[in-house]
Amino acid sequence: MAKVIDIIDKPDLDKARSRVRQEIPVVRDEIVVPERLREYAFGRRYFIRTYGCQANVRDEEHMRGYLELAGFTSVQEESLADLVIINTCAIRENAEDKVFGELGLLKTLKTQKPDMIIAVAGCMVQQTHIVDKITQVYRHVDLMFGTHNIHHLLELLDEVYEKRVRIVNVPSKYGEIIENMPTKRTHRYKAFVNIMYGCDKFCTYCIVPYTRGKERSRHLPDIIQECKQLVDEGYQEITLVGQNVNSYGKDFKDGTDFAQLLQAVAETGIPRLRFMTSHPWDFTDAMIDTIAKYDNIMKHIHLPFQAGDDMVLRLMARRYTVASYTDLVRRMRERIPNLTLTTDIIVGFPNETEEQFQGTLALVKEIAFDACYTFIYSPRKGTPAFKMMDNVTLEEKQDRFYRLKEVVDAIAKERAEVMVGGIYPVLVDGISKRKDDMLSAYTENAKLVHFKGDASLTGKIVYVRIQESNVYTLFGERVDDGARA
Ligand code: 5AD
Ligand code: SF4
């Protein structure tokens with residue numbers, strides 16, 4: 001018999017855009033593990049699969065923190081788990097298709113293990129039509145919770161276990177700042193630190209502002225405290241994470257900005273500091289100067305441009321032109337020698353002409369990005385672009401995508417080859433997935449390097465001479481730390 005559904009809260013995309021500015025509460029609740037759940041969790045194992053961006057990865061780390069506090073232990077395979085959480089991404093249709101595929105497979109697993117609890121979290125379930133689809137078609141899903149109530153995970157699970165009902169609890173709201181969440185970090189030496197949540201840019205193709213709420217910044221002392229703790233724990237790298245890091249602090253209206261935050265985090269002494277993602281619209285000269293000033297701020301900026309044509313940019317509501325983007329890059333390169341730039345590009349936005357697409361190719365060539373993340377436009381229900389007529393066929397979009405990829409890869413190859421023969425510091429991630437006697441590491445400009453070495457180097461910064469490049473992967477040998485000229 002199908003279980004009763006308890007719908008506590010359902011998302012509402014239409015409300016998202018019209019939300020008016022409000023005070024943003026900072027929640028610092030004490031974490032309480034329900035006693036019943038603690039008993040239940042004993043000896044039980046969980047598995048989380050995360051799709052999507054750094055915000056989702058960080059959310060997973062918090063979910064793990066809560067689950068382990070309750071006494072669940074982690075397991076590497078879905079089939080061995082008593083609790084499976086699928087932490088989803090809604091940015092493109094193919095991300096959603098993967099989740100539906102996985103939910104299909106989980107149905108078979110649950111027939112063999114009827115006590116298994118399956119939960120779906122993240123951006124996908126922040127959309128009404130997805131909640132409806134999962135409720136109706138994927139009846140083996142026991143719990144849906146969203147991006148705003150991860151801190152209620154334990155109470156929600158307690159209810160699912162106790163009442164044996166299916167629960168939908170996906171608040172759709174402006175959003176709060178939740179501090180004090182427990183966390184189980186993925187890496188021992190590299191950490192993501194959230195500096196803000198949500199997005200206010202409302203680019204016309206993008207679902208994120210609807211699924212993650214309004215832009216809200218964490219208070220600077222809370223961020224610094226987290227960073228200092230990471231430094232004390234021996235972390236080597238911090239990446240400051242937000243949909244739009246350059247808008248950091250705007251909601252405080254007291255002049256606090258991303259340049260100040262960068263400076264304060266750099267001064268904690270973390271050996272490597274990165275940030276992700278930047279928006280060209282609010283990238284100030286003060287931010288550029290701060291990046292240039294501190295040696296521990298990596299000289300790599302991920303600066304999505306999306307399209308190389310002013311009309312398309314306007315329809316996307318990106319708030320900059322090709323000229324202002326290139327001017328920003330010029331100012332960055334003037335002040336930051338050896339800057340590495342990467343970007344995101346969308347091809348096949350509704351009615352994009354061949355000429356407009358040529359603009360994108362030209363911009364890729366002009367800037368000479370080290371890497372470009374390229375996507376075919378995917379209509380997202382609830383966004384303004386979803387309603388636009390579109391005269392470009394999927395075949396044409398795919399053809400543009402492949403033509404773009406050729407140009408992108410050729411430039412990336414040139415950019416990587418420049419590094420061959422040079423000696424660079426790399427932060428070692430650990431044993432390479434491909435070969436047991438090789439290590440994987442990252443250069444300051446975020447390039448993956450493989451070299452022979454011992455696992456004891458994990459988490460250390462060592463010097464490597466680059467011997468070979470394979471577009472997105474470099475190969476090298478370790479050299480004496482003093483060998484760098
Ligand atoms: N279709 C295709 N790509 C998209 N992105 C965001 N929304 C869409 C969409 N509807 C891309 C943008 C963004 C990156 C994270 O994903 O390039 O920068
Ligand atoms: Fe989406 Fe634009 Fe916000 Fe980035 S800036 S998350 S593309 S709306």
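Me: What makes the approach of the Gln 236 side chain to the backbone oxygen of Gly 234 a polar contact?
Reply: In this predicted model, the side chain of Gln 236 reaches the backbone oxygen of Gly 234 at 3.3 Å, and because a polar contact is a pair of N or O atoms within 3.5 Å, the value of 3.3 Å meets that limit.

Me: Why is Gln 236 called buried, and where does this residue lie?
Reply: Gln 236 lies in the loop between α8 (220-232) and β13 (237-241); its relative accessibility is 18%, and since buried means under 20% relative accessible area, Gln 236 counts as buried.

Me: Why is Ala 317 called partly exposed?
Reply: Ala 317, which is found in the loop between α11 (310-315) and α12 (322-335), has a relative accessibility of 27%, and because the term partly exposed covers what lies between under 20% and over 50%, Ala 317 counts as partly exposed.

Me: What makes the phi of Ala 317 worth a remark?
Reply: Phi of Ala 317 is near 60 degrees, a positive value in a residue other than glycine, whereas most residues other than glycine have a negative phi.

Me: What is the phi of Phe 202, and is Phe 202 buried or exposed?
Reply: Phe 202, in the loop between β11 (196-197) and α7 (208-211), has a positive phi of about 50 degrees although it is not a glycine; its relative accessibility is 7%, and because the limit for buried is under 20%, Phe 202 counts as buried. Phe 202 is also one of the residues that surround ligand 2, including Cys 199, Lys 201, His 279 and Arg 318, and by class that shell has seven nonpolar, three polar and two charged residues.

Me: How do you know that the bond between Met 276 and Thr 277 is a cis peptide bond?
Reply: The omega of the bond joining Met 276 and Thr 277 is about 0 degrees, and the bond is cis, whereas most peptide bonds are trans. Thr 277 has its place in the loop between β14 (272-276) and α10 (285-293).

Me: How do you know that Arg 92, Gln 306 and Ser 378 make polar contacts with ligand 1?
Reply: A polar side-chain atom of Arg 92 lies 2.9 Å from an oxygen atom of ligand 1, a polar side-chain atom of Gln 306 lies 2.6 Å from an oxygen atom of the ligand, and a backbone N or O atom of Ser 378 lies 2.8 Å from a nitrogen atom of ligand 1. Because the limit for a pair of N or O atoms is within 3.5 Å, these distances count as polar contacts. Taken alone, ligand 1 exposes 410 Å², of which the protein buries 87%, and the elements giving two or more residues to its shell are β16 (340-347) and β17 (371-376).

Me: Why are β15 and β17 said to stand at the edges of their sheet?
Reply: The open sheet of three strands has the order β15-β16-β17, with parallel pairing; β15 (300-302) and β17 each have a single partner strand, so one side of each is left without a neighbour in the sheet. The twist averages 10 degrees from one strand to the next.

Me: What makes β15 and β16 a pair?
Reply: β15 and β16 are joined in the parallel sense over three bridges, and because two strands pair if at least two bridges are found between them, the three bridges satisfy that rule. His 302 stands opposite Thr 342 in β16.

Me: Why is Leu 404 called buried?
Reply: Leu 404, placed in helix α14 (residues 394-417), has a relative accessible area of 0%, and because buried means under 20%, Leu 404 is buried.

How values were computed: Residues numbered from 1 in each chain as written. Chains lettered and ligands numbered in written order. Predicted model: local features only at pLDDT ≥ 70, side-chain atom pairs only at ≥ 80, totals over all residues. Heavy atoms only, no water. Polar contact = N/O pair within 3.5 Å; in protein donor to acceptor, adjacent residues only side chain to side chain. Areas by Shrake-Rupley, 256 points an atom, 1.4 Å probe, with all protein chains shown as cover. Helix = DSSP H or I, 4+ residues; strand = E, 2+ residues; numbered from the N terminus. Axes fitted to C-alpha atoms, helices over the stretch in contact; angles between N-to-C directions. Buried < 20%, exposed > 50% of the residue type's maximum accessible area, 1.4 Å probe, protein only. Near = heavy atom within 4 Å. Nonpolar A, V, L, I, M, F, W, Y, C, P; charged D, E, K, R; others polar.
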